[in-house]
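Reader: Hi! Could you walk me through this model before I head back to the bench?

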Amino acid sequence: MAEQRPIIIDTDPGQDDAVALLLALASEELDVLGITTVAGNVPLELTTRNALMITELAERSDVPVFAGCDRPTVRPLITAEYVHGKTGIDGSNLPDPTVGAASGHAVDFLVETVMSRDQTTICALGPLTNIATALDREPAIAQRIDQLILMGGGFFEGGNVTPAAEFNIYVDPQAAASIFASGIPLVMLPLDVTHKALTSDDRIDAFKELDSRTGRAIAGMLEFFERYDMERYGTGGAPLHDPCVIAYLLAPELFDGRTCYVEIETTSELTMGMTVVDWWGLTDREPNCLVIHQIDDNRFYSLLTDRIGRLP
Ligand code: BDR
Ligand code: CA
């Protein structure tokens with residue numbers, strides 16, 4: 001087998017986070033060193049519980065789950081039960097986890113793991129609180145992260161919590177600002193991409209047709225999850241945000257983007273958490289992020305269904 005890429009997934013499950021975790025756990029190219037949870041879509045206790053339920057579903061309880069920060073660095077926590085339901089993974093119909101979280105804090109795990117290896121890739125699927133806290137504690141991690149691939153932001157597409165801001169960045173804009181100023185090689189999958197990766201009846205049926213526990217859990221989660229966006233945006237399905245991060249790692253050729261300078265708004269309440277992307281190179285600021293804006297959505301869903309088909 002070819003060498004596996006070591007990754008840490010920082011997440012706030014969330015149905016779309018759950019699908020992203022399953023995609024990673026199904027993919028032999030990736031060595032998931034650990035999953036770190038953060039407060040976001042639902043409070044930390046639930047995001048941790050959900051991550052444990054998902055690793056158990058995939059029969060991958062060997063992957064440790066570390067609970068992290070229970071609130072953003074500066075602002076009070078806002079959650080998104082109105083999208084994800086009371087549990088965060090409504091629709092999954094999964095049993096309670098039988099295994100608990102690993103001992104130790106997610107931030108300690110991040111710092112120790114990144115510092116003890118040559119290069120580690122981080123996949124960020126929620127607010128950036130854990131990663132920014134780790135960076136604050138040990139700035140040298142910046143040189144040991146080969147890539148930080150994050151779902152967050154929106155530019156031509158605008159926001160999904162306020163007209164200007166996307167949820168993950170809006171929840172902890174100070175954390176995001178420090179990550180974008182860190183010099184870590186960044187790849188950003190914003191709403192501009194994820195709003196092109198919509199669920200549909202056929203795409204959900206493909207998970208059902210796998211006739212597996214995981215396929216059924218995903219179909220149930222997506223049927224619950226899609227109602228919010230379909231109503232809000234009048235679309236035929238919901239954006240499968242977070243799996244885009246893992247798909248980018250597995251098959252970057254399905255995506256297209258541009259390196260740009262990106263900065264996060266942390267002052268104005270009106271535009272708080274906005275990702276200001278210098279797409280047209282209007283400033284002389286050094287690009288700090290590969291901003292993705294195109295996805296081959298058919299090949300993305302084929303990859304996803306194919307990989308999920310490998311799970312029980
Ligand atoms: C992001 O926010 C959450 O609701 C999703 O899990 C995704 O990470 C989309 O704005
Ligand atoms: Ca998420």
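Author: Happy to; we can talk about the sheet, the rings, a helix pair and some backbone details.
Author: This is a predicted model, in which local features need pLDDT of at least 70, side-chain atom pairs count only at pLDDT 80 or more, and totals for chains, interfaces and linings use all residues. Residues are numbered from 1 along each chain as its sequence is written, chains are lettered from A and ligands numbered from 1 in the order in which they are written, and side-chain values use heavy atoms, with hydrogens and water left out.

Reader: Great. In what order do the strands of the open sheet come?

Author: The order is β3-β2-β1-β4-β5-β6-β10-β7, so 8 strands make up the open sheet, with mixed pairing. Two strands pair if DSSP finds at least two bridges between them. Helices (H or I, at least four residues) and strands (E, at least two) are DSSP runs, numbered from the N terminus.

Reader: And which strands stand at the edges?

Author: Those are β3 (65–67) and β7 (255–260); each has a single partner strand, so one side of each has no neighbour in the sheet. From one strand to the next, the twist averages 25°. For angles like this, axes are lines fitted to C-alpha atoms, for helices over the stretch in contact, and angles run from 0 to 180 degrees between N-to-C directions.

Reader: How many bridges join β4 to β5?

Author: There are 5 bridges between β4 (residues 120–124) and β5 (residues 145–151), and these two strands run parallel. As an example, Cys123 has Ile149 in β5 as its bridge partner.

Reader: Nice. Which strands does helix α4 touch?

Author: Helix α4 (residues 106–115) packs on the sheet and touches β1 (5–11), β2 (30–37), β3, β4 and β5. Its direction makes about 150° with that of β2. Contact here means heavy atoms within 4.5 Å. Helix α7 (residues 173–180) also packs on the sheet, touching β5, β6 (186–189) and β10 (289–295), and its direction makes about 135° with that of β6.

Reader: Switching to side chains: how many aromatic pairs does a search of the whole structure find?

Author: The search finds 8. Rings of Phe, Tyr and Trp (its six-membered ring) pair if their centres lie within 6.5 Å; planes under 30 degrees apart count as stacked, over 60 as edge-to-face and the rest as tilted. One of the pairs is Tyr82 with Tyr228: the ring centres are 5.4 Å apart and the planes are at 65°, so the pair is edge-to-face. The two residues are 146 apart in the chain, with Tyr82 in helix α3 (residues 81–84) and Tyr228 in helix α10 (residues 213–233).

Reader: Is Tyr228 buried or exposed?

Author: Tyr228 is buried, at a relative accessible area of 15%, whereas Tyr82 is partly exposed at 40%. Buried means under 20% relative accessible area, exposed over 50%, and partly exposed in between (1.4 Å probe, protein chains only).

Reader: Got another pair for me?

Author: Tyr248 and Phe255 have ring centres 5.7 Å apart and planes at 70°, so they are edge-to-face. Both of these residues are buried. There is also an aromatic cluster made of Phe155, Phe156, Trp279 and Trp280.

Reader: Which ring does the charged end of Arg75 sit over?

Author: It sits over the ring of Tyr170, 5.4 Å from the centre. Arg227 lies over the face of Phe224, at 4.1 Å from the ring centre. A charge sits over a ring if NZ of Lys or CZ of Arg is within 6 Å of the ring centre and within 35 degrees of the ring normal.

Reader: Back to helices. At what angle do α1 and α11 pack?

Author: Helix α1 (residues 15–25) and helix α11 (residues 243–250) pack at about 25°, with their axes 7 Å apart. They are therefore roughly parallel; angles under 35 degrees count as roughly parallel, over 145 as roughly antiparallel, 65 to 115 as roughly perpendicular and the rest as oblique. Among the contacting residues are Val19 and Leu23 of α1, and Ile246 and Leu250 of α11.

Reader: Last one: which peptide bond is cis?

Author: The bond from Pro13 to Gly14 is cis, with omega near 0°. Gly14 is in the loop between β1 and α1. Glu59, although not a glycine, has a positive phi of about 55°, and this residue is exposed at 53% relative accessibility.
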